[in-house]
Structures are given as C-alpha cells and as structure tokens.
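Welcome! Please take a moment with the sequence and the 3D view below, and then we can walk through some local features together.

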Amino acid sequence: MKIWQKIFLTALSISILFVNVGIYSVFQLTYRKNLETEQRRGEVDFSVIRRNVQMDMQQLQQQDRLTEEAAADLMELHEEDYKKQKIQIQLWKNGNSIYPPREEKIPVTIQEGQNQIVIRGGQGEKELVGAGELTGFQDTYFFYLSYPLEELNETWKQLFWIYLLISVGISVILVGVLSVMLHILLHPLGKLTETVSDIRNGNYSKRVRIRGRDELAVFGENINAMAQTIERNIEKLQEDNQRKEQLVENLAHEMKSPITSIYGYAEYMMKSRVSLEESMQYCAIIMEESGRMKDMCYTLMDLSEIRKNEITYERIKPQEFLDQIEQVIAVRQTTVLVSHPVKVNFQNLMGEGKNLYGNRRLLEILLLNLISNAIRACRQKREETAEEVSVSVSLKQTEEGVELRVIDNGIGIPAKKLDRLTDPFYRVDKGRSRENGGNGLGLSLCRQIVECHQGTMSFSSVEGEGTEVLVQHKLSN
C-alpha cells in the first residue's frame, strides 16, 4: 500500500469517526429533550385522565352503585373516549385486575400516595406508562394507563435517517476533500520519488522543482544538491578517464618516434659496416633520443608523485630562491647554449621580511620549466628575426598572496592555443618543440604544482611579441 493510501485511509477513518460521534451526540441531546417534553406532557395527561376516572367512580359510590361491573363499564367508556389517542386503561381492586379482567399483577411499582409516570421501550418503540392510586374509596383501587409515543417514535425515525444521510454526505465530502488535499500536499513527494528514480537510472541532470519552504521543499533542495554533486563527480571521473586515455595515446605516440630512431640506428650499426665517425654520430643520436625518453619518464614520475603523495610545505626566502634559480639557468645556458645565452632578469619585489610558503623542490621545478619555455621562445625569435630578446622573472607580495611573473619577448603563442597549453603532450609547434628538447609535459606538470599550492596559472600572449605567465600563489607568510 502506498503512503498516500495509508494517510488517506487513516485521516478518513479518524475524520468520519469524530464527525459521526459529533452528529450522534447532537441527535442524542435532541432526542433526550424530546423525551423530557413527552414525560412532562404524559404527567399532565395522566393527571387529567386519573382525575376524571376518580370523579366518575366517586359519583357511582355516592349513588351506591360502585360495583366491579360498574367500574369495569366505566373504564370501558373512558377507554372508548381515548381510543383515538390509543390509550389503554386498566383498573385493579385490592390487587386484582377488574378491567380488563385478567390474572396479572400491577406492571409497575407504586408507592402510596404517589403517581408513577415512566417512558419505556426501545428506540422508535417508546410508550408512556402511568400508574397511581385512586383515593376516597373503601377498597384500594389502582389506575393504570399506557399509550405509544407516536410523535416521539416518528421523530426518532426521522432523526435516524437524517443522521444517516448527513453521515454519508459528510463522508463523501471528506473523501473528495482529503483526495484533493493529499494530491496537493503529496504531489511534491511524487516528484521527489520520480527524480530519485531517474537519478538512480543514471539521469544525473534531473532536478526536482518544489515551491515553498516546508520540509519537502528543503528535502528537494538537498536532493538537487546531491544530484549536482553526483553529476559533477561523474563528469570529473569521465574527464579523468578521458585524460588518462588521451595521456596513454599521446605517450604511445611520443614514445614511438625515439624508440623507432633508437631501434633503426642500432639495427643499422649492427648489420652494416660503418666507420668510427658514423658510429659516433649514430650513438649521439641514440643518446639524444634516450635522453628525451628519460626526461619524459622523470616528468611523468613527478606528475605521479604530486598526485599520490602528501605535499610538505616550508618557509622559503625569496631572494635565496631566485638566486638559486638564476645559477641553475646560467649553468644550463652555459652548457647547452655556449654562444647564444638569453638574458634573464630576476626581481624580488616581496618586501623586507616576507617569505614564500610551499614545497621548495616543486616551486623550483615550476619556475625552471616556465623560464626554460620562455628561453626557447626567445631563441626561436632571435633565429628568425635576429632581434634582441630577454626574459623577466619577478616575485611580488599582494593582498591575496604572491604573484610570480615570467615575461618574454619571444615568438608568442596564437590566442586560440592558449587554453590547451597545460594539456599533457600538447605542443604549440610540434616540430620545433622536439628540436628544442620539449616533451609536451612541462606545463602540465606546472599546472599540477600550482594547484597543489592552492594557486592559479594564466597565460597572455601576442603572437610575434611575447608571452606572459602569471602564477598567483595563495600560500605565503
């Protein structure tokens, strides 16, 4: 049985019970009032008839004609007079019934000198019974009369049918009213059930719309919030799975080129007679491709470490941090770009006594990657245009935390490609990136580092003029 059916039957039963009890109480009160009225009227009727009978019997006694036969004839005459009222008369003399002549005792108990007036019988079959002693005679006479209370009985029958019709009518009205009210009140519950069923079946975008501020409305809001959370988590899982699939595909594609080169040159060296100079050349190519694969593996391991391990934070003095980065960049440019270093300027705008707060190793990887990308962009522009290029790195304290900016005047990035810069293995120019040693994972690693420091990273660039990377780092001391 559904909940609305249970509520409907319970409310209907209680309502009908109270309504019928109320109606019955009113009818009983009305009926008792009628009984009291009939009782008073019966007392008057009995007194009048008893007095008339007593006076007639006294006249017979004065005429010395009061015998049992004369008294019986007198009772018969009186009964005939009241025939229309259906009044029955009985007379006892010294305990014996003389009218009508029968062997029976007085049906009611009569105290001496008092009249006994009672109403007896079941509902709709009431009759009034009166009995009393006739005084002023040598013998003891008891007078008795009875007649049906037809008006009262008819009134009871009418009240019964009125009660029945009102009870049925009100019950029908209650059925209709309760049905409408339950439909209105429980309609939101049906919506909730339908929405939960849809969510269970996988329709996480389903929402319930319930107006008001009652418990059902609050429950509906909670269900919507739950559905939204589930939908968001499902979408996130789907995106993660999609990224993983894309990562595996890109990784296989990226690994294919160096493995093919390594295998091809190694096979050629093994099957062909090559000179020492050629062997050295081919070995250099194999080492270069192996180095690319090694860098790719290390970067992937760094990404995995950031996702899995708990990050520890420490206070970092900004000037010492920038000085260490500057030394590493200088060594890299000296060993890799002997005759063409790109000028990198470092500025500490943090202020006296201000520190960074984060994981030192990860922040070093972040800044070194950003500077390396900026240097590659500057080198490429210098090769194409021979213009002067440089990179500017700055740290600045703000109200929200720390801003790290890396600005270069290199080749720039097309606007339509800025949104995908942090995707794994994504390259703006795939050919040139491979030539310059890029593996497409640097900015993806940078994004992970920034996120684990509760920060944001944004890019702005003008193609042919340069690029600016802004990292807003919320953790600071």
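Is Gln454 buried, partly exposed or exposed? Gln454 is partly exposed, because its relative accessible area is 49%, and the term covers values from 20% to 50%. Please keep in mind that this is a predicted model. Here are some places to visit, grouped by topic.

**Positive phi outside glycine**
- Gln454 has a phi near 60°, a positive value in a residue other than glycine.
- To find Gln454, look in the loop that runs between helix H9 (442–452) and strand E12 (456–462).
- Lys86 also has a positive phi near 60°, and it is not a glycine either.
- The loop between helix H2 (68–81) and strand E1 (88–93) is home to Lys86.
- With a relative accessibility of 46%, Lys86 counts as partly exposed.

**Helix H3 and what follows**
- Helix H3 covers residues 150–200, which makes 51 residues.
- From its first C-alpha to its last, H3 reaches 71 Å, close to the 75 Å expected at 1.5 Å a residue.
- H3 has a kink of about 45° at Leu186, and the proline Pro188 comes shortly after that point.
- Just after H3 you will meet Gly202, whose phi is positive at about 105°.

**A cis peptide bond**
- Tyr99 and Pro100 are joined by a cis peptide bond, with omega about -20°.
- Pro100 sits in the loop between strand E2 (96–99) and strand E3 (101–102).

Technical notes: Residues are numbered from 1 along each chain as its sequence is written. This is a predicted model: local features need pLDDT of at least 70, side-chain atom pairs count only at pLDDT 80 or more; totals for chains, interfaces and linings use all residues. Side-chain values use heavy atoms; hydrogens and water are left out. Helices (H or I, at least four residues) and strands (E, at least two) are DSSP runs, numbered from the N terminus. The expected span of a helix is 1.5 Å times one less than its number of residues. The bend at a residue is the angle between axes fitted to the seven residues ending there and the seven starting there. Buried means under 20% relative accessible area, exposed over 50%, partly exposed in between (1.4 Å probe, protein chains only).
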